[in-house]
Each structure stands twice: as structure tokens, then as C-alpha cells.
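Visitor: I am new to this structure. Please take a close look at one part, the place where the ligand sits, and go through it step by step.

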Amino acid sequence: MKEPNQKVREILFDLQGIDVSIYDEVFLNKSIETRMRETSCQTIDSYLNILRTDSTEFHRFEQSLQINFSTFFRNPLTFSVLEKIILPALDLKIRNKLKNEIRIWSAACAGGQEVYSLAMLINELNDRTEHSLKFRIFATDQSADQVQKASKGLYLSSTLGNLSLSRFNNWFTAEGDFCKVKPVLKSNIEFSVFDLLDSTRAVPPTCIFGDFDLVFLSNLLFYYKPELQHKMLEKAKNAVAKNGFLITGETEREILLKNNFREIYPQSGIFQSD
Ligand SMILES: C[S@@+](CC[C@H](N)C(=O)[O-])C[C@H]1O[C@@H](n2cnc3c(N)ncnc32)[C@H](O)[C@@H]1O
């Protein structure tokens with residue numbers, strides 16, 4: 001008898017050409033279990049039957065594999081190290097004319113919370129130092145919907161996570177139940193669609209070349225099988241400038257440690273490679 005997720009794989013591939021073999025087995029099994037619970041299916045066969053015949057459930061299952069959750073200042077320690085140590089050090093390099101501008105790539109930006117958090121930190125640094133740190137952020141995601149959401153910068157006010165009240169007041173305007181990021185936060189960010197598994201391109205076409213001081217690869221590696229995690233990590237590593245940093249989510253730190261990256265501050269999720 002075939003494994004349940006082997007059958008799901010075949011159904012998705014036969015019906016829509018979707019290849020779920022790229023995902024981590026544990027993640028795939030959890031997604032199947034969740035959908036079985038939601039559809040009140042007691043057995044895998046009854047769920048597979050629904051998957052075959054009900055296009056709405058087919059779409060829901062597909063959506064369940066695309067986890068887009070994000071939040072502002074998601075890992076407070078990471079952002080604190082960026083604010084207190086890394087960004088001031090990069091600022092110093094610019095002042096000493098060792099660099100013209102800071103280049104940043106957020107490689108799975110989802111709804112934009114990560115890049116706007118970073119833009120807040122850089123703008124605040126500029127306000128404190130009365131100096132204008134030149135920077136560009138390239139925000140990409142494989143999902144066109146997420147890229148569109150990110151570029152709008154519109155959020156339900158109830159979903160602001162770790163955002164402080166003073167940052168809310170400085171960087172957002174309220175619009176009913178929603179709030180919108182101020183245009184100044186967007187002015188150095190370019191949004192575009194890019195699949196990290198695209199083997200024909202090393203970096204998104206919008207940024208022309210890599211040489212990034214910071215690359216964010218956060219909260220997506222654990223959905224994928226180890227060989228694809230490795231591929232994404234290699235791509236990110238090659239895009240990081242000399243002495244630059246690779247930044248991941250808390251849950252992915254172990255993956256980087258296993259792949260011989262060095263965490264520069266314990267638990268920070270901020271890495272360098274030798
Ligand atoms: C959970 S969100 C993480 C968002 C943000 N980086 C954070 O840490 O909050 C994962 C994002 O990874 C994106 N993603 C998944 N596979 C991808 C790929 N192969 N290339 C680019 N983005 C991908 C998804 O579309 C989703 O928006």
C-alpha cells in the first residue's frame with residue numbers, strides 16, 4: 001500500500017502538475033492531517049476522495065502549503081542586534097567611504113512586515129545620527145499575491161505583533177480597522193516576484209547583481225526537503241557580500257549550524273559563512 005502523502009503527491013501532480021515532493025515530509029504530513037481534521041475525514045482514503053473530486057478543497061490544500069505568516073519585528077533579538085550593532089557598523093563603513101550604500105535582500109518577504117521593520121530601524125538610525133545612510137532593500141517572494149500585499153503596506157491594526165506604540169505613531173497612518181505604512185518607509189524598497197528555486201538566476205533581476213550586506217532567508221527553509229534547503233542556502237550565501245550577514249528565523253538556526261554557518265551572536269539567527 002502506498003504512503004498517504006505519496007498518494008496526495010500523485011493526485012496533485014496528475015490534476016494540476018503540482019510537485020509536492022519538494023516539501024519536508026513532516027510538514028506535508030501535518031498539512032494533510034490539518035485538512036483531514038477541517039474536512040472531518042476519518043480516513044486518508046475519504047480525504048483523498050474529496051481531494052480528487054472537490055476543486056474547492058483541492059485549492060484549500062494547495063493554499064495550506066503556502067504559509068505566509070509574518071509579523072513586525074518577528075524575532076526581537078535579531079532586530080535588536082541589527083539595531084544596536086550591525087546597522088551602526090554598516091553606517092560607519094559608509095561614513096568612512098568604504099561603501100556607497102547598504103544593499104539588503106529579503107528573499108521571502110511575505111506581506112512585507114520584515115522589510116518595513118528593517119526600514120524603520122534604518123530611518124530611526126538616520127534620525128538619531130542626523131546623517132543619511134544610503135540603502136536599498138530588494139524584497140522578493142515567490143508568491144505574486146504576497147508581493148502585492150507587501151507593496152501596499154496595509155495591515156489590520158490587530159495584527160501588528162511586536163510593534164511599539166511609538167513606532168506605530170511614527171511610521172503608520174490609521175485607516176479604520178487598518179493601518180498603512182507611511183510612503184517614506186517604502187521609498188528605498190523594491191518589490192518583485194522571485195522564486196529562490198529558480199535555477200536560472202542567482203539573484204532577482206531587479207537587483208542586477210548580489211553583493212548584499214544583509215540577506216534575510218527567514219521562516220521558509222523548514223518547509224523544504226534538506227537538499228532544497230541546501231540549494232537555497234547556497235544561493236543566499238553566494239549573494240552575501242564579503243563580511244555580510246545571512247539572517248534566518250529562530251526555527252531555522254539548527255539548519256544553518258548543520259550547514260557550517262557561524263552564528264555571530266548566540267540565538268540571534270544572524271550568521272556568517274567562512
Ligand atoms: C512564513 S513566510 C516568512 C515571511 C518572513 N520572511 C518572516 O520571517 O516573517 C514564508 C514565505 O516564503 C515564501 N516562499 C516559499 N517558498 C519560496 C521560494 N521557493 N522562493 C521564494 N519565496 C518562497 C512564501 O511565499 C511565504 O511568503
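Guide: The ligand sits in the largest cavity. The model is a predicted one, and the values that follow are computed from it. Around the ligand there are 21 residues, of which S70, R74, A108, D141 and Y224 come nearest. Sorted by class, this shell consists of 11 nonpolar, 6 polar and 4 charged residues.

Next come the polar contacts. D141 has an N or O atom in its side chain at 2.6 Å from an oxygen atom of the ligand. The side chain of N68 also places an N or O atom by an oxygen atom of the ligand, here at 3.3 Å. For Y224, the partner is a nitrogen atom of the ligand, which lies 2.6 Å from a polar side-chain atom of that residue. As for cover, the ligand taken alone exposes 600 Å², and the protein buries 97% of that. D141 and Y224 thus appear both among the residues that come nearest to the ligand and among those with a polar atom at 2.6 Å from the ligand.

A note on the cysteines completes the look. The count of disulfides comes to 0. A disulfide is a covalent bond between the sulfur atoms of two cysteines. For C109, the closest cysteine sulfur is that of C207, and because the two sulfurs are 13 Å apart, they are too far from each other for a bond; the cut-off is 2.5 Å. C109 counts as buried because its relative accessible area is 1%, and buried means under 20%. C41 is also buried, with a relative accessibility of 12%.

Note on methods
Residues are numbered from 1 along each chain as its sequence is written. This is a predicted model: local features need pLDDT of at least 70, side-chain atom pairs count only at pLDDT 80 or more; totals for chains, interfaces and linings use all residues. Side-chain values use heavy atoms; hydrogens and water are left out. A residue is near a molecule or strand if one of its heavy atoms lies within 4 Å of it. A polar contact is a pair of N or O atoms within 3.5 Å; within protein, one must be able to donate a hydrogen and the other to accept it, and residues adjacent in sequence count only if both atoms are side-chain atoms. Accessible areas come from the Shrake-Rupley method with a 1.4 Å probe; for residues, only the protein chains shown count as cover. On a 1 Å grid over the protein atoms alone, a cavity is a set of points where a 1.4 Å probe fits but cannot get out, and a pocket is an open set with protein on both sides within 12 Å along at least five of seven lines; lining residues have an atom within 4 Å of a point. A molecule sits in a cavity or pocket if more than half of its atoms lie within 2 Å of its grid points. Ala, Val, Leu, Ile, Met, Phe, Trp, Tyr, Cys and Pro count as nonpolar, Asp, Glu, Lys and Arg as charged, and the others, Gly among them, as polar. Buried means under 20% relative accessible area, exposed over 50%, partly exposed in between (1.4 Å probe, protein chains only).
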